[in-house]
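Subject: Structure handover

Hi,

Here is the structure I said I'd pass along. Have a look first, and then read on for what turned up.

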Amino acid sequence: MTDAQAPSLSIWVDADACPVKIKDLLFRAANRTNVPVTLVANQHLQIPKSPFIKFLQVKAGFDIADNEIVRRMQAGDLVITADIPLASEVIAKGGTALNPRGELYTQENITSRLYVRDLMEDMRSSGIETKGPAPMTQKDCQNFSNCLDRFLSARR
């Protein structure tokens, strides 16, 4: 298959909660590989000028950005999100979901991740205090960068 025939690949970013360091890695990857990156958020975000980087602002509201990502993405696209239900929808539609810490959500692990997420949500709603995620570390950024590079290399 020639490059002209290769299916297009897009990267979609659930950008409202995506760390700045991860966005910066995605911007560099977009310009290096010519793969379009679209940030979707319900608040305005500054993005660098590039033909490969776009911003889509959606209305504020529960799951509005998530629903827009699922509506627009195609099978084979990559979605960057820490939102496990969104990751599940991406996988069901034939996409790949990558957590900002560099963990791939897969058909094999998404069911257990949803179960744990729902369990923690039930615990919080019943008054049990749970800790949130640990702060992003340099190792998390490196894991993300390595996973992103492997994904993009496999699609060339």
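Contact here means heavy atoms within 4.5 Å. On that footing, residues 24 or more positions apart account for 50% of the contacts in the chain with a separation of 6 or more. Do keep in mind that this is a predicted model.

The overall layout: there are 5 helices and 6 strands, and going along the sequence they run β-α-β-β-α-β-α-β-β-α-α. The chain has 156 residues, of which 40% count as buried. It exposes about 9,400 Å², with carbon and sulfur atoms supplying 53% of that.

Now the inside. The largest nonpolar core is made up of 26 residues, and I11, V13, L26 and I80 have the most contacts within it. Two or more residues each come from β1 (11-14), α1 (20-33), β2 (37-41), β4 (78-80) and α5 (138-154). If you want one residue to click on, try L26: setting aside neighbours within four places in sequence, L26 touches I11, V13, V37, I80, F144 and L148. Another core, of 17 residues, lies apart from the largest one, and includes I69, V90, I91 and Y105. As a general point, nonpolar side chains in soluble globular proteins tend to be buried together.

One polar residue to look at as well: S50, in the loop between β2 and β3 (53-57). Is S50 buried or exposed? Its relative accessible area is 17%, and the cut-off for buried is under 20%, so S50 counts as buried. The S50 side chain also makes a polar contact with the side chain of N31, at 2.6 Å.

Cheers

Key:
Residues are numbered from 1 along each chain as its sequence is written. This is a predicted model: local features need pLDDT of at least 70, side-chain atom pairs count only at pLDDT 80 or more; totals for chains, interfaces and linings use all residues. Side-chain values use heavy atoms; hydrogens and water are left out. A nonpolar core is a set of buried Ala, Val, Leu, Ile, Met, Phe, Trp, Tyr and Cys residues joined through side-chain atoms within 4.5 Å. Buried means under 20% relative accessible area, exposed over 50%, partly exposed in between (1.4 Å probe, protein chains only). Helices (H or I, at least four residues) and strands (E, at least two) are DSSP runs, numbered from the N terminus. A polar contact is a pair of N or O atoms within 3.5 Å; within protein, one must be able to donate a hydrogen and the other to accept it, and residues adjacent in sequence count only if both atoms are side-chain atoms. Accessible areas come from the Shrake-Rupley method with a 1.4 Å probe; for residues, only the protein chains shown count as cover.
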